[in-house]
Amino acid sequence: FSDITIERRTDVSHAPSARDAAIAYCQGSPLRNEIEARGPDMLERATELAAAAIAKRHGDGAVEGKIQAFVVSAMA
């Protein structure tokens, strides 16, 4: 590979509620596969537990948090 670049991108993620944030994290990320591997009913249970933990820390209203990603480009 040549012309390799790695760029870190940072932003702030917003969700209208603790439950929406939990759904995004538990059901809309690669973590979902790890949760589902632990049992057929674990996805909903993990989502509910995550929503409760987020609400306990940040309240039931809108939440936001820092996010980041690394964008890697390379020419073959």
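T47 sits in helix 3 of this predicted model. The relative accessible area of T47 is 0%, so this residue is buried, the cut-off being under 20%. Apart from its neighbours within four places in sequence, T47 touches R19, A22, I23, C26 and Q27.

Two of these partners, A22 and C26, also belong to the largest nonpolar core. This core has 7 residues, and its other members are I35, L43, A46, A50 and A51. At least two residues of the core come from helix 1 (18-27), and at least two from helix 3 (42-58). Helix 3 gives the largest share, with 4 residues. In soluble globular proteins, nonpolar side chains tend to be buried together.

I35 is in contact with C26, M42, L43 and A46, leaving aside neighbours within four places in sequence. Of these, C26, L43 and A46 are members of the core as well.

The model also has pockets to consider. The largest has a volume of about 290 Å³. Its lining consists of 15 residues, and those nearest the centre of the pocket are S13, A21, E64, G65 and I67. Strand 1 (2-15), helix 1, helix 3 and strand 2 (63-75) each give two or more residues to this lining. The largest share, 6 residues, is from strand 2. The table divides the lining of the largest pocket by residue class.

| Class of lining residue | Count |
|---|---|
| Nonpolar | 7 residues |
| Polar | 5 residues |
| Charged | 3 residues |

Helix 1 and helix 3 thus appear in both settings: each supplies at least two residues of the core, and each gives two or more residues to the pocket lining.

Technical notes: Residues are numbered from 1 along each chain as its sequence is written. This is a predicted model: local features need pLDDT of at least 70, side-chain atom pairs count only at pLDDT 80 or more; totals for chains, interfaces and linings use all residues. Side-chain values use heavy atoms; hydrogens and water are left out. A nonpolar core is a set of buried Ala, Val, Leu, Ile, Met, Phe, Trp, Tyr and Cys residues joined through side-chain atoms within 4.5 Å. Buried means under 20% relative accessible area, exposed over 50%, partly exposed in between (1.4 Å probe, protein chains only). Contact means heavy atoms within 4.5 Å. On a 1 Å grid over the protein atoms alone, a cavity is a set of points where a 1.4 Å probe fits but cannot get out, and a pocket is an open set with protein on both sides within 12 Å along at least five of seven lines; lining residues have an atom within 4 Å of a point. Grid points are joined across faces, edges and corners, and a volume is the space filled by probe spheres set on the points. Ala, Val, Leu, Ile, Met, Phe, Trp, Tyr, Cys and Pro count as nonpolar, Asp, Glu, Lys and Arg as charged, and the others, Gly among them, as polar.
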